[in-house]
Amino acid sequence: MARILLFGRLSDIAGWREKTLEPAPARLSDLRALLAADDAALGEALAAPGVQVALDQVLVRDDAALSPRSEVAFLPPMSGG
Amino acid sequence: MISLTDQGFDPGPLLSGFCRGRAETGAVASFTGLARAEGGETKILELEAYPGFTEAQIGAFAETARTRFDLQDLMIVHRIGQIAPGEPIVFVATAASHRRAAFEACDYLMDYLKSRAPFWKKEHGPDGARWVEPRAEDHEDIARWA
């Protein structure tokens, strides 16, 4: 069961912050395709420049294999302070 | 020490505590960021973090500051949740042997927090809410240190 987290404007676009997927998609690219098939606007937002991905709390730049218990977070441009 | 809090904080006692027992430090610099009302455009600022990840990312960056400026210590307190205008959002303190390192490390940490640290900021105003992303100046500020 993979856990998917959306932050910032991404959760507003999707209308959710967190969901679980059973079974977990095999790869990050499969997850992206699945989310985009479900919600084209979200798919587009996730693919936008500046959106980073953390897999099990580690930033990943390319496609990656997911494990059944992966936590995948989509992170739009960050701003604190 | 790096901490996120959904409670308001008073920067005075944080600074006093940070300065205590430092016979060999010489220099402490601090910065406090306050939420701005933007002339009534911002009623509430909402800060979101990714618990665990946000602290780890800030911690890793703080280590680069510690090494680069030969810091003895540093402290970062960052608000999350809903923040009213005038309330402190962020407090950074740095301790070093001499002032230049303490000032520069504080500046460096703030430039990072503004544009690279995992926070997402939403302004709630009279005409609704909008997500705030780093401005061009924020990217230029962090690029100064490259």
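Helix H2 (residues 53-68) of chain B lies across strands S1 and S4 of chain B and runs at about 145° to S1(B). In this predicted model, helix H3(B) in turn lies across S2, S4 and S6 of chain B, with an angle of about 145° to S6(B). The model scores ipTM 0.92 and pTM 0.92, while chain B has a mean pLDDT of 95, with 100% of its residues at 70 or more.

The strands under these helices belong to an open sheet of four strands in chain B, ordered S1-S4-S6-S2, whose pairing is mixed. Strands S1 and S2 of chain B are its edges, since each pairs on one side only, and neighbouring strands are turned against each other by 10° on average, direction ignored. S1(B) pairs with S4(B) in the parallel sense over four bridges, and B:Ser3 has B:Val77 in S4(B) as its bridge partner.

| Strand of chain B | Residues |
|---|---|
| S1(B) | 2-5 |
| S2(B) | 27-34 |
| S4(B) | 73-79 |
| S6(B) | 88-96 |

Helix H3 (residues 99-115) of chain B also packs with helix H4 (residues 136-143) of chain B, at an angle of about 140° and with the two axes 9 Å apart. Because of that angle, H3(B) is oblique to H4(B), and the crossing of H3(B) and H4(B) is left-handed. On the H3(B) side the residues that meet H4(B) are B:Asp111, B:Tyr112, B:Lys114 and B:Ser115, and their counterparts in H4(B) are B:Asp138, B:His139, B:Asp141 and B:Ile142. Sorted by class, this contact of H3(B) with H4(B) has four charged, two polar and two nonpolar residues.

Terms used: Residues are numbered from 1 along each chain as its sequence is written. Chains are lettered from A and ligands numbered from 1 in the order in which they are written. This is a predicted model: local features need pLDDT of at least 70, side-chain atom pairs count only at pLDDT 80 or more; totals for chains, interfaces and linings use all residues. Axes are lines fitted to C-alpha atoms, for helices over the stretch in contact, and angles run from 0 to 180 degrees between N-to-C directions. Helices (H or I, at least four residues) and strands (E, at least two) are DSSP runs, numbered from the N terminus. Angles under 35 degrees count as roughly parallel, over 145 as roughly antiparallel, 65 to 115 as roughly perpendicular and the rest as oblique. A crossing is left-handed if the near helix is turned anticlockwise from the far one by less than a right angle, and right-handed if clockwise. Two residues are in contact if their C-beta atoms, placed from the backbone, lie within 7 Å. Ala, Val, Leu, Ile, Met, Phe, Trp, Tyr, Cys and Pro count as nonpolar, Asp, Glu, Lys and Arg as charged, and the others, Gly among them, as polar. pLDDT is the predictor's confidence in each residue, from 0 to 100. Two strands pair if DSSP finds at least two bridges between them.
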